[in-house]
Each structure stands twice: as C-alpha cells, then as structure tokens.
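Biologist: Got a minute to walk me through this model? I'd like to start with some helix packing.

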Amino acid sequence: MNRTYCYEHWERWEAEPRAVERAPIEYLVQALGELPEEREGIDSDPAWQRDPEELKRLPDYHYKTGCYDDPEVVARLHEGGLHYESLEIGATRWLVLAPRTAWERQDRRVPLLVIFHKECYDDPLWNLKTLWLYRDYVRAAARQQDRTMIFIVSNGGPAQVFSSMITEGIQNYCADRDRIYIDLSNLVRCGKRLGEIAGFQYADRAGRTVADPDGCIERLDGIPVLNFSWRWIVPWRAHPIDAASDGTADRQWLIHSETGRKMLLANQLAYRFRSCQDEDVQTYWRQMGLRYGCHYVQQERWIIFTPLETQAKRLPVVVCLSEVAEPDDHAPIAAYCEYRVYCDIAAQGDCAVIFFAMESPRLNDLICDILQDAAKRYPLDLSRVYLTGHSHNGHFVQEFARRHPDVVACIAPLGNSPGLPNPAVSHEAVVVDDARAAQMETMDMPTCIVCGCCEVGGMVPIYQTAHAFQAGINVEGYAASAEGKIAMWRRRLQAERCPDQTAEEILATAYSPNKAIRALGIPTDRAQTVWLDGFEHYIADLRNVDGRYHFRVVAIENMPHMTLPSMHLCAWNYMRRFARDRKTGAVIELD
C-alpha cells in the first residue's frame with residue numbers, strides 16, 4: 001500500500017462519513033435517542049431475569065434479531081387482531097404491529113406511528129420488554145385497529161436507518177404515506193421543545209420552514225406526535241467504505257487503491273445531484289450515450305437505461321434490485337452510485353439496466369410486469385434477464401429466482417453468505433425453509449455469489465469460525481461456528497445440485513496449495529486468484545450433477561459489507577454467459 005496515492009476529491013474520504021447532507025429530521029431523531037426513558041423498574045424485576053443462553057436454545061428464538069418471540073405473546077397479539085414481526089436492518093432492530101386484516105388483505109391504508117426506543121440487544125427479551133413498556137399503545141392498537149406501529153429499537157442511541165424502516169412500513173404494512181407520525185411523548189415528558197433542538201427545522205408541505213415547530217404537535221389518542229410525512233427522507237450516505245465489517249478490513253488500504261478511486265468517482269453523483277428528476281441528471285446521462293426512462297407499474301416507479309444507439313440488436317437486461325420508489329427522489333441517485341458499473345456497460349451498448357426494488361418478495365413479483373412493459377418500449381432480449389442485488393436485496397434476488405425460474409437466466413447475489421442457513425439460525429431477509437431448498441434442487445439456475453473476505457460474520461473461509469465486531473450484529477452460536485458454516489455450505493451444495501462435500505474435505509482446504517481454495521474454504525477442481533483494482537479476487541466454480549459449471553463463488557480480499565466496482569464486473573462477466581430458452585426453460589450456455 002502506498003499511503004501517498006491520491007486522486008481527485010480524495011479528501012472526501014476523510015470528511016464526515018455520514019451523509020451528503022443531513023436531513024433536518026435526523027437532528028430530531030438524534031435528540032430523541034439521547035433522552036432518558038422511563039423503565040418502571042423492568043430491568044430489576046426478577047420476572048424478567050431469564051438466562052439468555054437458555055432462551056437462545058428455544059425454538060422461538062429469532063436468530064436474526066436476537067430476541068425470543070414468545071409464542072403465547074404472539075398468539076395473544078394475533079387474537080387481538082394485530083400482526084407482529086421482529087426485524088433487523090443495518091444492525092438496528094425493530095418491531096412492527098399492524099392491523100392484521102389490513103395487513104393480510106392490503107385493502108386499506110392506516111396511519112403509521114413511529115416510536116424511537118432503547119433496549120440492550122444482549123437481552124433476548126428486548127422485544128417483550130418493549131411491548132410491555134408500551135402496553136397501553138398495544139392495547140389501543142388492538143382495540144381500534146386503525147394504525148400501524150413501528151418500534152425502532154436502538155442499542156443505546158439514536159437509530160440511523162429509520163428511513164429504511166419507514167419505507168418498509170409504507171410498502172409492507174399498509175401505512176399511509178400522508179399520515180406518518182413520530183411519537184414525541186418522551187420529549188414532552190422530559191420538558192424539551194422542538195424549537196430547542198439544534199439543526200432541526202420543520203417545513204410545511206410547500207417546503208416553507210415553520211417558525212414555531214412546537215405549534216405543529218398534534219395529539220393521536222392523547223399521544224403527542226409530529227406529522228413528518230414527506231419529511232423523513234435522508235439523503236444517501238456517501239461513504240460506503242465505512243460499511244459493517246468483521247473488524248479485519250484495512251480502511252486505509254481500501255482508500256489508497258484503485259478500488260477506492262473508482263468508488264469515489266461513482267459517488268460524485270451523490271454530491272452533484274439531489275434529485276433524479278433534475279434536468280442536469282438527464283443531461284449527464286445523454287452525454288454518456290444513455291437513454292433514461294422513468295416508468296410506473298401499479299403506481300410504483302422503475303427506471304431504465306438503454307444505449308442511445310442499439311445497432312438494431314436486442315439487449316440483455318440487468319435488473320438491479322435497488323430502491324428507487326417515490327417519494328424519495330434521492331434514492332435513484334444512490335442506486336446509480338452503487339451500480340455505476342452497469343450504467344457504464346449499458347452506455348457502451350452491451351446491455352440495458354433496470355432499477356427497481358420493493359421490500360417483500362410479493363411486491364418484487366412486479367418485476368415480471370416491468371419486464372413485459374419494458375420489452376414493449378425498448379429492444380430487449382428477454383431470454384437474457386439477469387438479476388443482482390446487495391445484502392437483503394441479494395436475498396430478494398434469490399427468492400425472485402425461486403418464484404420465477406423461467407424468467408431469469410442467471411443471478412448474482414452480492415454480500416450474501418455462500419452457505420444456505422438452516423431456518424432455525426437464518427439471519428437472511430428471506431428464510432429458506434426445507435420446501436424452498438427442495439425447490440431449488442429442481443431448478444437449473446446459474447448463480448454467482450460475490451462477497452467480501454471481511455464481511456460481518458466471516459462468510460469465508462467456510463472452515464473458520466466467524467466472530468462479531470460491530471455492535472448490534474448477531475453473530476454467535478452454531479451458525480457462526482465452523483461446524484455450522486460447513487453445514488450451511490453443504491445445504492447450499494444440495495440446493496444448487498452440486499455433489500456433496502464432507503466436513504473433512506472442507507477442513508482440508510486450509511492446507512490446499514491453491515490460494516483461492518484456502519481463502520474460500522471450498523473444495524473444487526476449478527479455482528483461481530485474479531487481481532483487480534488493487535485486491536485479490538478468489539474465484540471457485542462448482543460443477544453440478546449434470547457436469548455443468550453453473551455455480552460460482554467469489555470473495556474479495558479486504559472487503560467489508562459493501563458493493564464494489566470489481567464485484568459488479570465479476571458478476572457481469574459470469575452472468576453474460578447464459579440465456580434461458582423461453583419455450584423449454586432450459587439454460588443456454590453462450591459462446
């Protein structure tokens with residue numbers, strides 16, 4: 001590493017690694033996170049003192065969120081007409097209570113009440129304590145059936161990913177985007193005023209700053225709330241280099257590399273443009289040789305890029321699962337930054353790129369309609385449809401392929417585990433139960449999983465026990481052990497229709513003369529190490545029972561949980577080799 005290697009705008013890596021700009025609502029969220037909360041002696045009550053290790057062994061312990069979803073409590077909520085879920089995004093955990101009939105039918109929109117709350121993630125009862133402390137809210141919700149409640153539970157401070165949770169509330173839990181409220185009861189209890197919060201401003205619907213924000217506080221069944229509909233959008237954080245890690249990633253090595261230069265180059269869009277609707281953005285793409293299209297399916301926005309000159313050929317399609325939904329006009333800018341490589345490939349005339357993602361497998365089924373609509377508007381080759389997405393969107397990529405194997409030619413999940421976790425210990429956005437795994441065995445779906453060697457949870461090598469580094473990330477027990485990772489990998493092999501590997505064979509890879517095999521912990525007869533943009537990329541190809549190399553795993557040296565330009569290049573280099581016969585469903589290997 002040469003620490004003097006610099007490039008244009010290099011100094012931005014050393015700027016505040018939070019955001020292009022901070023939305024005013026963030027200052028309120030931070031202030032709420034710093035306030036003391038009434039605990040009513042719950043932490044010292046012997047009734048709540050249970051052995052955490054004992055709770056973790058129970059079947060209703062939720063591995064991803066680190067909590068015990070007591071079946072009796074869940075059943076009482078269900079009988080009371082409430083749908084309950086415990087969830088996790090970006091190391092912040094949260095609870096949802098929604099009117100069950102509205103959630104099941106998706107037939108009406110209800111107000112969304114957002115409650116910021118603190119609990120200790122080390123306590124598997126953090127969810128039940130939250131419900132008990134807010135029991136009056138829960139009773140009112142069950143009685144009235146007129147709102148969705150989201151409890152955003154931070155680990156001692158303000159939650160930093162609340163905008164993603166509100167997006168899910170709108171998309172998945174019947175929330176009305178015009179009636180989104182933030183609970184201010186603790187602010188009022190502590191005698192604080194909105195006007196006293198440094199940096200916080202409240203604007204009306206026309207964008208005009210309100211002189212007295214405290215005069216805008218409303219009452220929702222006696223609860224002091226603030227309507228922050230259309231005000232909750234947080235501009236994209238432009239420093240993905242600070243992504244979650246297992247603690248071994250060298251940040252300076254990443255910054256002073258060609259990877260760092262390319263990442264910062266892509267991120268300049270977030271500094272230059274605020275909204276995807278700006279004319280300057282459209283001009284930027286036209287100058288690159290791209291045609292920009294913005295369309296809607298069932299009132300949901302999707303975006304497409306095609307080359308201005310297509311040379312009378314039909315284009316393969318890369319669908320990037322990245323959120324571009326309204327009303328957040330900055331989300332598409334973030335998507336362009338993250339998947340800039342595909343924009344460049346499209347500009348060179350080699351593909352079309354579609355951006356779209358929702359927050360559930362059911363809603364992502366709209367991709368089928370998008371592809372049909374896009375094929376009517378643009379010269380697309382629907383036999384060559386490729387899906388890619390990072391982290392939880394990578395899980396959605398795999399689920400879409402399971403639901404629609406005839407639509408997709410190849411998939412590239414990014415930042416996901418090479419293994420396929422058992423449902424009891426899964427932390428994935430879509431839990432792959434035995435029925436889903438068995439379905440995968442009936443499919444022939446070329447798959448390229450690309451991850452970092454320094455991901456949280458230590459995804460590779462397979463034979464090495466993982467360890468946690470970042471607070472809030474639940475990496476413990478069997479799923480993080482070498483034994484558990486080996487079991488996950490063998491489950492993946494079965495689902496991908498590849499020959500089984502014994503634990504002894506996997507453990508023996510630690511002594512392989514092939515560096516890629518050692519780094520991945522994957523026994524294979526085809527593995528290589530490729531150097532790209534300053535880092536080694538370890539590539540293993542697995543042959544299925546038909547003798548075809550339709551499963552690839554790539555891991556990148558020194559990389560935490562984030563997307564990289566070379567990650568997309570590796571994925572595209574693999575995906576572009578495949579097509580799907582639309583009549584028979586067979587995979588076609590292209591020359």
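Modeller: Sure. The axes of helix α11 (residues 279-288) and helix α13 (residues 340-347) come within 9 Å and cross at roughly 50°. That makes α11 oblique to α13, since angles under 35 degrees count as roughly parallel, over 145 as roughly antiparallel, 65 to 115 as roughly perpendicular and the rest as oblique.

Biologist: Which residues in α11 and α13 meet?

Modeller: Tyr-284, Trp-285 and Met-288 from α11 meet Arg-340, Cys-343, Asp-344 and Ala-347 from α13. By class, that contact of α11 with α13 has 5 nonpolar, no polar and 2 charged residues. Contact means heavy atoms within 4.5 Å.

Biologist: Anything I should know about the numbering and the model?

Modeller: Residues are numbered from 1 along each chain, and side-chain values use heavy atoms, without hydrogens and water. It's a predicted model, so local features need pLDDT of at least 70 and side-chain atom pairs count only at pLDDT 80 or more, while totals for chains, interfaces and linings use all residues.

Biologist: New topic: is Gln-268 buried or exposed?

Modeller: Gln-268 counts as buried because its relative accessibility is 12%, and buried means under 20% with a 1.4 Å probe, protein chains only.

Biologist: Where does Gln-268 lie, and what is it in contact with?

Modeller: Gln-268 lies in helix α10 (residues 258-272). Leaving aside neighbours within four places in sequence, Gln-268 is in contact with His-9 and Arg-12.

Note on methods
Helices (H or I, at least four residues) and strands (E, at least two) are DSSP runs, numbered from the N terminus. Buried means under 20% relative accessible area, exposed over 50%, partly exposed in between (1.4 Å probe, protein chains only). Axes are lines fitted to C-alpha atoms, for helices over the stretch in contact, and angles run from 0 to 180 degrees between N-to-C directions. Ala, Val, Leu, Ile, Met, Phe, Trp, Tyr, Cys and Pro count as nonpolar, Asp, Glu, Lys and Arg as charged, and the others, Gly among them, as polar.
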